[in-house]
Amino acid sequence: MRSPSARDCFRLSRAALFLSALLAILPPAVLAQNPGGALRGLVQDTSGGRVPAAKIIVQAAESSLQREVSSDSRGEFRIDGLLPGTYRVKVQANGFAEADSNVKITVSSALEVTVTLNPQTVEQSITLDTDGPGSITTQPIDTSSAVHQTIITSQDLDSLPLAVRSFANIAYLAPGTEPVEPSDPTKARITAVSTGAAPV
């Protein structure tokens, strides 16, 4: 068995060098053949704090393809294997208003986005009771009727100053009401109330 010549050694080293160069070039070429892209990003609040467990929904504009993931404990997320095209991205989280936007995914690339969520507005409603009697100060006086009537509400008793909260003092709040001295001298401590000149 003869030992390899210098010429054979040169050929072997050239082949090894070519193979090494081919292996170094091959991964990018294989990667370029991958038609998918990726979307990765960060979900944060308006102060820059990370928002974990946010729901990220990606919907393709040209098809019914939809993907859904959640942000991790650092507020980060990643969706791989997206075909090139335009996608609608929606981000939802408890206590925050939904955010949405369109993004474009290209071949063999990872698009990075930062989503800032605004606090959810709290809707408050106030119901006004317009059917109630209201205050004695706002009730109209019916001048077309011979019947005198007045409704004194708990709001009146709370807001109007009364020296003594007796029946007579409360009755005097009604229009046309006035005190009448009793005709029986033995009942001097009892005050009668007259409404429309008729004692009550």
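Read from the N terminus, the elements of the chain follow the pattern α-β-β-β-β-β-β-β-α-α-β-β-β. That comes to 3 helices and 10 strands, all taken from a predicted model. Of the 200 residues in the chain, 20% are buried. The chain exposes about 14,800 Å², with carbon and sulfur atoms supplying 56% of that area. As for how the chain folds back on itself, take the contacts between residues at least 6 apart in sequence: 46% of these join residues at least 24 apart.

Now to the strands. Strands of a sheet pair through backbone hydrogen bonds, and they do so either parallel or antiparallel. Here, one open sheet is built from 3 strands in the order β4-β1-β7, and its pairing is mixed. β4 and β7 sit at the edges, each pairing on one side only. On average, neighbouring strands of this sheet are turned by 20° against each other, ignoring direction. β1 and β4 run antiparallel and are joined by 5 bridges. Leucine 39, for instance, has isoleucine 79 of β4 as its bridge partner.

The strands also turn up in the nonpolar interior. The largest nonpolar core holds 19 residues, and Val43, Ile56, Val91 and Leu117 have the most contacts inside it. Two or more residues of this core come from each of β1 (37–45), β2 (55–60), β4 (76–82), β5 (85–92), β6 and β7 (110–117). Isoleucine 56 deserves a look of its own. Leaving out neighbours within four places in sequence, isoleucine 56 is in contact with a run of residues from Arg67 through Glu68, Val69 and Ser70 to Ser71. Its other partners under that same rule are Val43, Phe77, Ile79, Val89, Lys90 and Val91. Isoleucine 79, the bridge partner of leucine 39, is thus one of the residues that isoleucine 56 touches.

Over in strand β6, which spans residues 99–105, sits valine 103. Valine 103 counts as buried because its relative accessibility is 13%, and the cut-off for buried is under 20%. Setting aside residues up to four places away in sequence, valine 103 touches Gly85, Thr86, Tyr87 and Val89, along with Leu111 and Val113. Val89 is a contact of valine 103 and also appears among the contacts of isoleucine 56. Alanine 60 lies 43 residues from valine 103 along the chain, and the C-alpha atoms of the two are separated by 9.8 Å.

Methods: Residues are numbered from 1 along each chain as its sequence is written. This is a predicted model: local features need pLDDT of at least 70, side-chain atom pairs count only at pLDDT 80 or more; totals for chains, interfaces and linings use all residues. Side-chain values use heavy atoms; hydrogens and water are left out. Helices (H or I, at least four residues) and strands (E, at least two) are DSSP runs, numbered from the N terminus. Buried means under 20% relative accessible area, exposed over 50%, partly exposed in between (1.4 Å probe, protein chains only). Contact means heavy atoms within 4.5 Å. A nonpolar core is a set of buried Ala, Val, Leu, Ile, Met, Phe, Trp, Tyr and Cys residues joined through side-chain atoms within 4.5 Å. Accessible areas come from the Shrake-Rupley method with a 1.4 Å probe; for residues, only the protein chains shown count as cover. Two strands pair if DSSP finds at least two bridges between them. Axes are lines fitted to C-alpha atoms, for helices over the stretch in contact, and angles run from 0 to 180 degrees between N-to-C directions.
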